[in-house]
Amino acid sequence: LVKPTTGGGIYYSIVSAAIAGEVLGEAFEREDFSARVLRTYETRWRRRLGRELGAQLAESGKTLDALAKDVTSGLAMKGDALAATLKAKLPDLEKILGQVKAQLEAKGGALKDLAASLAAKHAALKASIDALVKGGAGAGADLKKAALDAFAGLSADLKTALAKLAG
């Protein structure tokens, strides 16, 4: 498990490993390794860590909302000012992106595909910011809209991913 707010997770790893050991020990005692028995691992770790992880995921969602609010006036800005604003917000967005991607990839399956989609949207956002930088103060509305749409799209997809991880 990865801590959503920092990308750490030593404590969560120790707790979840202990729970996994308990569940496996019980499975060996019963000689029952069915999905029903092994599913108790998820039930137990969610009971033990779920509230804390949920609160941290909610905090990441609030950060995304604040970032989106900070760039809503972007179309009224000159191209270079918008590029500077987006570049200034990018590290916060990338921090959440890195944490979310790690959790999605660890869960695998369709969530791993979502992680790949987030990476592609991140690359598109960086490319649109680069185009704004090249356009400078005179960057047209199309470049500004593309950058804002890329930022909003990545933010929205991150919120969707956070919701999937919380559920």
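These are my notebook entries on helices, cores, aromatic pairs and salt bridges in a predicted model.

**Entry 1: helix α3**

I started with α3, which runs over residues 40-70 and has 31 residues. I read its span from first C-alpha to last as 43 Å, close to the 45 Å expected at 1.5 Å a residue. I then looked for bends and found a kink of about 60° in α3, centred on Leu49. Leu49 is also listed among the buried residues of α3, together with Trp45, Leu53, Gln56, Leu57, Ser60, Gly61, Leu64 and Leu67. I noted that the cover over the buried residues of α3 includes α1 (10-30), α4 (79-107) and α6 (141-166).

**Entry 2: helix α4**

I did the same for α4, which has 29 residues. It reaches 39 Å from its first C-alpha to its last, close to the expected 42 Å. Where does α4 bend? I found a bend of about 35° at Leu90, with a proline, Pro91, following within four residues. Leu90 is buried, and I wrote down others in α4 that are buried too, including Gly79, Gln99 and Gln103. The buried residues of α4 pack against α3, α5 and α6. Just after α4, I noted that Gly108 has a positive phi of about 75°.

**Entry 3: nonpolar cores**

I looked up the largest nonpolar core and counted 31 residues in it. Leu86, Leu93, Val100, Leu104, Leu118, Leu125 and Leu158 touch the most other members. Two or more residues of this core come from each of α3, α4, α5 (109-135) and α6. I picked Val100 for a closer look. Setting aside neighbours within four places in sequence, Val100 is in contact with Leu118, Leu158, Ala161, Leu162 and Leu165. Another core, of 7 residues, lies apart from the largest one, and Tyr12, Ile19, Leu49 and Leu53 are among its members. I note that Leu49, where α3 is kinked, therefore belongs to a core whose members must be buried.

**Entry 4: aromatic pairs**

I found 2 aromatic pairs in the structure. Tyr11 and Tyr12 make a tilted pair, 5.7 Å centre to centre with 55° between the planes. Is Tyr12 buried or exposed? Tyr12 is buried at 2% relative accessible area, whereas Tyr11 is partly exposed at 42%. The other pair is Phe28 and Phe33, edge-to-face, with 4.9 Å between centres and 80° between planes. I listed Phe28 as exposed, because its relative accessible area is 58%. Phe33 is partly exposed at 41%.

**Entry 5: salt bridges**

My search of the whole structure gave 7 salt bridges. In the one between Arg36 and Asp32, the closest N and O atoms are 3.3 Å apart. Arg36 is exposed at 54% relative accessibility, and Asp32 is partly exposed at 21%.

Asp65 and Lys159 form a salt bridge with closest N and O atoms 2.6 Å apart. This pair links distant parts of the chain, with Asp65 in helix α3 and Lys159 in helix α6, 94 residues apart. Asp65 is partly exposed at 41%, as is Lys159 at 35%.

For Lys145 and Asp149 I read 2.8 Å between the closest N and O atoms. Both lie in helix α6, 4 residues apart, about one turn of the helix. I logged Lys145 as partly exposed at 44% and Asp149 as partly exposed at 43%. Finally, I noted that Glu22, Glu26 and Arg44 are joined into one network by salt bridges that share partners.

Methods. Residues are numbered from 1 along each chain as its sequence is written. This is a predicted model: local features need pLDDT of at least 70, side-chain atom pairs count only at pLDDT 80 or more; totals for chains, interfaces and linings use all residues. Side-chain values use heavy atoms; hydrogens and water are left out. Rings of Phe, Tyr and Trp (its six-membered ring) pair if their centres lie within 6.5 Å; planes under 30 degrees apart count as stacked, over 60 as edge-to-face and the rest as tilted. Buried means under 20% relative accessible area, exposed over 50%, partly exposed in between (1.4 Å probe, protein chains only). The expected span of a helix is 1.5 Å times one less than its number of residues. The bend at a residue is the angle between axes fitted to the seven residues ending there and the seven starting there. Contact means heavy atoms within 4.5 Å. A nonpolar core is a set of buried Ala, Val, Leu, Ile, Met, Phe, Trp, Tyr and Cys residues joined through side-chain atoms within 4.5 Å. A salt bridge is a side-chain nitrogen of Lys or Arg within 4 Å of a carboxyl oxygen of Asp or Glu.
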